[in-house]
Amino acid sequence: MEKIGITTTVPIEVLMAADYQPVDLNNVLVTDPNPGRLVNIAERAGFPLNCCSWIKGIYGVCLDYGIDNILGVIGGDCSNTIMLMEVLKLKGRNTLTFAYPDQSDPQQMQYALLKLAATLGTTLEAAGRVREELQPVRDLALRLDKLTWKQNIVSGWENHLWLVSTSDFNQDFHKYYRELQDSLEVCSRRQAYPAGQIRLAYLGVPSVYARELYPYLERCGARVVFNEVQRQFALPVPGASLAEQYSHYTYPYSIHDRLKDIKTELRRRQVDGVIHYVQAFCYRGIGDIVFRDAIDLPMLTLEGNDDFSLNNHVRTRIEAFLDMLLRSRQRLNYSKQALGK
Ligand code: SF4
């Protein structure tokens, strides 16, 4: 299968039906031993310093890893992608675009999928067959999610890693399935994490310093039991068709629609506090205002730029936040005891 780079989660079933192997360029960036050098490639080419590092890193990946075909999402994701695709075209890459409808609507999604299938020379019937093949893999990823918050035997980092990888299944869904099965087998033999642990939700785009963030939170006595966007990548509501499946995917649509899913999961997972990660220079950071208004839980907003490791400033803010959550819980327990509850 010929490789095709993707800038975010797209209907990979259509790409695979057209004999393309999707490669999530974000995942290539963060798993590179030196992601900073990929960002530098873009800056040397003229990308502004105040442009998001994900966009610059994706550009660096395309050039450095020799990705010739790229599908960029220009509707429902990031307006920077529009210009990124123009520059990649200038550099001789074969660029295609996909736009999510401006609202969650299966009919409009069906048109968007038909257009994509026609561009790639395949059909939605063929994509539907790929969807059926992928469903057990998605189900297994969602089982891992349940084992994270319900059985409490999966770490926040493992949850992040497996769910974020569902955008391209690490470029081999058979291998992904086998490896996830093995990982779940290991998890099933573990003792559950302590009941008194602070339970966190992580909202927002995956962080540039995820690799250090999750283990650090656990060293501080907390664990992420809800990775919002990463879970959405696994498409938790399959629906009756490909069009319905991608209409239920909340990330491309209004933040108010996302909030319905978020608030349900915060309650269900008994979350104590929320981390909202925002990427420097990203328009989604403004959504922090909406989250803070709508979510009735303590919230810590963290920002990252091109720092792929946790700096001391971020560590201190995390520690202070967790300390505050712990003290609030102790006060609550004390009040309950005093009231004889
Ligand atoms: S983090 Fe924001 S600015 Fe960066 S690629 Fe994602 S949506 Fe675009």
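**Figure 1. Overall dimensions of the protein chain in this predicted model.** The protein chain has 341 residues. A compact globule of that length would have a radius of gyration near 20 Å. The protein chain has 20 Å, so the two agree. Along the principal axes, its C-alpha atoms fill a box of roughly 70 × 45 × 35 Å. The secondary structure comes to 15 helices and 8 strands.

**Figure 2. Burial and contacts in the protein chain.** Of the 341 residues, 43% are buried. Now take the contacts with a separation of 6 or more. Residues 24 or more positions apart account for 70% of them.

**Figure 3. The residues around the ligand.** Which residues are they? Cys 52, Trp 54 and Ile 55 are among them. So are Asp 77, Cys 78 and Asn 80. Val 205 belongs to the group, and Gln 279, Cys 282 and Arg 284 complete the list. By character, the shell divides into 6 nonpolar, 2 polar and 2 charged residues.

**Figure 4. Helix 6, residues 106-120.** Helix 6 has 15 residues. At 1.5 Å a residue, helix 6 should span 21 Å. Its end C-alpha atoms are 21 Å apart, which agrees with that expectation. After helix 6 comes Gly 121. The phi of Gly 121 is positive, near 75 degrees.

**Figure 5. The two sides of helix 6.** Met 109, Ala 112, Leu 113, Leu 116 and Ala 117 are buried. Why do these buried residues line one face of the helix? Seen down the helix axis, they fall within an arc of 135 degrees, so they share one face. On the other side of helix 6, Gln 107, Tyr 111 and Ala 118 are exposed.

**Figure 6. Packing partners of helix 6.** What do the buried residues of helix 6 pack against? Helix 1 (12-17) is one partner, and strand 4 (94-99) is another. Helix 7 (124-149) and helix 12 (242-248) are also packed against these residues.

**Figure 7. Ile 289 in helix 14.** Helix 14 covers residues 288-294 and holds Ile 289. Is Ile 289 buried or exposed? Ile 289 has 10 other C-beta atoms within 10 Å. A residue counts as exposed at 12 or fewer, so Ile 289 is exposed. In sequence, Ile 289 and Asn 159 are 130 residues apart. In space, they are 27 Å apart, C-alpha to C-alpha.

Methods. Residues are numbered from 1 along each chain as its sequence is written. This is a predicted model: local features need pLDDT of at least 70, side-chain atom pairs count only at pLDDT 80 or more; totals for chains, interfaces and linings use all residues. A residue is near a molecule or strand if its C-beta atom, placed from the backbone, lies within 6 Å of it. Ala, Val, Leu, Ile, Met, Phe, Trp, Tyr, Cys and Pro count as nonpolar, Asp, Glu, Lys and Arg as charged, and the others, Gly among them, as polar. Helices (H or I, at least four residues) and strands (E, at least two) are DSSP runs, numbered from the N terminus. The expected span of a helix is 1.5 Å times one less than its number of residues. A residue is buried if 20 or more other C-beta atoms lie within 10 Å of its own, exposed if 12 or fewer, and partly exposed in between; C-beta atoms are placed from the backbone. The arc is that of the directions from the helix axis to the C-beta atoms. Two residues are in contact if their C-beta atoms, placed from the backbone, lie within 7 Å. The radius of gyration is taken over C-alpha atoms; the globule rule is 2.2 Å times the number of residues to the power 0.38.
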